Amino acid sequence: MIAGIKSLTALAASHPATAAAVAAVALAVAFVVWRAAWRVAGTARDALRGRQAEDVLTVAVAALATAVAMTGMWRFFGNVLHFSGAERVTMFAFLEFSMVASAFRGRRNMREFGSSGVEGAAVWALSALSAVFSSLDAGSGIAAVFRLAPPLVAAWLWERGLSLERRRVTGRTIHWRLTAERALVWLGLAEPAERATSEVDAHRRIARLARAAKRLRERRAGGAPVWRQRRAKRRLDTAMEAAVEHARLASDPARQDEMRDQLGALNGAEALADLDAQAPWDRRDKEALAAAEAAEARRQAAELVQAAERARDQAVAEALRAAEAAEARARAAGQDAVRERDDAKRIGEALAARAQALEESRTDLRARAELAERELEDACMRAAELGEALTRAETRADSRADDVDRDALVAELAAEILAAAGAGDKWRPDYDDLMARTARQRRWCEYVVRDARGAVFRTQDQPRTDGDGAESASPARADGRAGPHAGERADARAKTTSDAKPAALVGAGSGGEA
């Protein structure tokens with residue numbers, strides 16, 4: 001190896017360009033191989049993703065067995081068919097490749113159609129041909145048997161892969177009628193159900209006790225010899241002791257019920273011959289009738305349930321409507337109560353404001369009344385002072401010479417009034433002239449004008465006579481006879497006591513003027 005390396009080194013030193021080209025080609029080939037291996041690995045990962053380990057292992061071992069079978073076909077093509085070179089390389093494994101293709105096509109058919117079809121049978125046929133052709137070139141019997149094994153093993157593994165796919169797609173499995181489990185159960189070496197050893201032993205001892213009791217009963221009923229009855233009695237006692245000791249018959253109610261059930265079933269076996277059982281078709285007719293009656297009962301029950309549900313829904317709807325109406329009435333009553341409360345509040349506020357206003361008005365009126373009383377007292381005092389002043393003035397006026405004839409002046413004024421009335425004019429007194437002629441105050445002149453107007457009115461009315469036939473005297477005349485200022489003094493006193501206000505006196509003067 002060292003010599004080969006030295007020769008390669010010498011070749012590279014003598015031909016550097018050729019060595020560089022070879023190195024470049026080698027690197028390129030290595031890169032291509034690496035890329036191809038990477039892609040193959042990625043494809044394998046994608047293909048194996050989501051698969052179980054046993055599926056992958058089955059395919060791998062099947063491929064290995066197929067490769068072993070290819071060695072036998074390689075020898076057959078070289079030794080028997082005398083193929084060499086490219087022909088032998090390209091054709092020796094056509095049966096094995098056909099078997100692998102058939103296996104993959106069978107898997108595809110299984111996934112799409114639920115059955116492997118003819119491809120499943122082709123796997124076995126091609127494997128058998130490969131085994132036969134490989135064994136024909138064997139040099140001994142042992143070699144022939146060995147060459148028969150690899151193709152058959154490969155076919156079996158490919159078939160197991162198809163069976164896994166079949167079970168995964170269809171969910172059906174094959175149940176063999178003859179298995180090791182069934183054989184062991186038939187021989188009594190295995191239990192068909194999963195039971196504990198203590199449970200199996202207890203069941204067997206109780207069954208042995210029931211059979212012993214049945215045997216003793218039959219011998220007594222059949223009149224068997226005494227010694228046979230005693231032997232049956234001893235077997236029954238032994239079975240009872242074993243059941244009590246090992247099956248807990250004395251303390252376990254379930255074991256006691258099981259014993260009674262077995263005794264009843266064994267002793268009632270003869271009753272099966274006298275049992276009047278109905279035929280299956282009769283039972284089916286009765287069952288059909290009972291089913292029809294049950295269906296009718298269920299239908300009626302369903303109708304009753306639906307009616308009850310409708311009544312319930314109607315009652316619930318009515319209750320809801322009543323509740324909504326009650327809620328609406330309560331809401332309206334609440335709103336009315338709120339409005340009444342607001343109205344009462346407003347009325348109360350208005351009454352309180354009115355009461356406050358009345359209280360303020362009463363206080364104001366009281367203040368005004370007090371002010372009016374004070375003003376009245378002041379007015380009375382002023383009126384008293386004016387009355388005294390008037391009295392003093394009248395006294396001074398009476399003390400002066402009475403140069404004016406009042407009656408004549410009244411008659412003159414009455415004549416003027418009548419003349420103006422006759423002419424259709426409105427007579428108005430000239431107080432300035434009267435005051436200048438009489439040298440009296442305006443007050444006195446106003447009383448004279450009033451007496452003149454009264455005299456005019458009395459002359460227009462019918463004259464009134466007393467018992468002697470003479471006319472009654474006028475107030476003016478009475479006043480004239482009583483004195484020229486007697487009427488003025490009487491009127492002044494009356495007005496002073498009744499009105500006690502100067503404004504009232506002024507109003508009286510203006511009324512006399514009117």
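D237 is partly exposed, with a relative accessible area of 33%, and its side chain meets that of K233 in a salt bridge in which N and O are 3.0 Å apart. The structure is a predicted model, and a search of the whole of it finds 18 salt bridges. The points below take up salt bridges, aromatic rings, charges over rings, a nonpolar surface patch and some buried positions.

**Salt bridges within helices**

- D237 and K233 both belong to helix α10, which covers residues 226-246, and they are four residues apart there, about one turn of the helix. K233, with a relative accessible area of 34%, is partly exposed.
- E303 forms a salt bridge with R299, and the closest N and O atoms of this pair are 2.4 Å apart. Because E303 and R299 are four residues apart in helix α12 (residues 280-399), about one helical turn separates them.
- The relative accessible area of E303 is 40%, so this residue is partly exposed, and R299, at 39% relative accessibility, also counts as partly exposed.
- R437 and D433 are joined by a salt bridge between their side chains, with a distance of 3.8 Å from N to O. These residues lie four residues apart in helix α14 (residues 431-438), and therefore about one helical turn separates R437 and D433.
- R437 is partly exposed at a relative accessible area of 44%, and D433 is partly exposed at 35%.
- Elsewhere, D252, R255 and E258 are joined into one network by salt bridges that share partners.

**Aromatic rings**

- The count of aromatic pairs in the model comes to five. In one of them, the rings of W74 and F92, the centres are 5.1 Å apart and the planes stand at 90°, so the pair is edge-to-face.
- This pair links distant parts of the chain, since W74 lies in helix α3 (residues 53-80) and F92 lies in the loop between α4 (86-91) and α5 (94-113), with their positions 18 residues apart in the numbering.
- W74 is partly exposed, having a relative accessible area of 32%, whereas F92 counts as buried at 17% relative accessibility.
- The rings of F76 and F77 have centres 6.5 Å apart and planes at 80°, and the pair is therefore edge-to-face.
- F76 is buried, with a relative accessible area of 9%, and F77, at 5% relative accessibility, counts as buried as well.
- One aromatic cluster is formed by F76 and F77 together with F83, F94 and F133.

**Charges over rings**

- R442 has its charged end over the ring of Y431, at 4.2 Å from the ring centre.
- R440 has its charged end over the ring of W444, where the distance to the ring centre is 5.0 Å.

**A nonpolar patch on the surface**

- W124, V132, L136, L148, L152 and W156 make up a nonpolar surface patch of about 560 Å². The elements that give two or more residues to this nonpolar patch are α6 (118-136) and α7 (141-170).
- V132, which is one of the residues of the patch, has its place in helix α6. Its relative accessible area of 40% makes V132 partly exposed, and this value satisfies the requirement of over 30% relative accessible area that applies to residues of a patch.

**Buried positions in helices**

- S134 also has its place in helix α6, but S134 counts as buried, at 2% relative accessibility. The side chain of S134 reaches the backbone oxygen of S130 at a distance of 2.8 Å.
- A210 has its place in helix α9, which covers residues 197-222, and A210 counts as buried at 1% relative accessibility. The C-alpha atoms of A210 and A239 are separated by 8.7 Å, and these two residues are 29 residues apart along the chain.

How values were computed: Residues are numbered from 1 along each chain as its sequence is written. This is a predicted model: local features need pLDDT of at least 70, side-chain atom pairs count only at pLDDT 80 or more; totals for chains, interfaces and linings use all residues. Side-chain values use heavy atoms; hydrogens and water are left out. Patches are made of residues with over 30% relative accessible area and no salt bridge: like charges are joined within 9 Å, nonpolar side chains (Val, Leu, Ile, Met, Phe, Trp, Tyr) within 5 Å. Accessible areas come from the Shrake-Rupley method with a 1.4 Å probe; for residues, only the protein chains shown count as cover. A salt bridge is a side-chain nitrogen of Lys or Arg within 4 Å of a carboxyl oxygen of Asp or Glu. Buried means under 20% relative accessible area, exposed over 50%, partly exposed in between (1.4 Å probe, protein chains only). Rings of Phe, Tyr and Trp (its six-membered ring) pair if their centres lie within 6.5 Å; planes under 30 degrees apart count as stacked, over 60 as edge-to-face and the rest as tilted. A charge sits over a ring if NZ of Lys or CZ of Arg is within 6 Å of the ring centre and within 35 degrees of the ring normal. A polar contact is a pair of N or O atoms within 3.5 Å; within protein, one must be able to donate a hydrogen and the other to accept it, and residues adjacent in sequence count only if both atoms are side-chain atoms.
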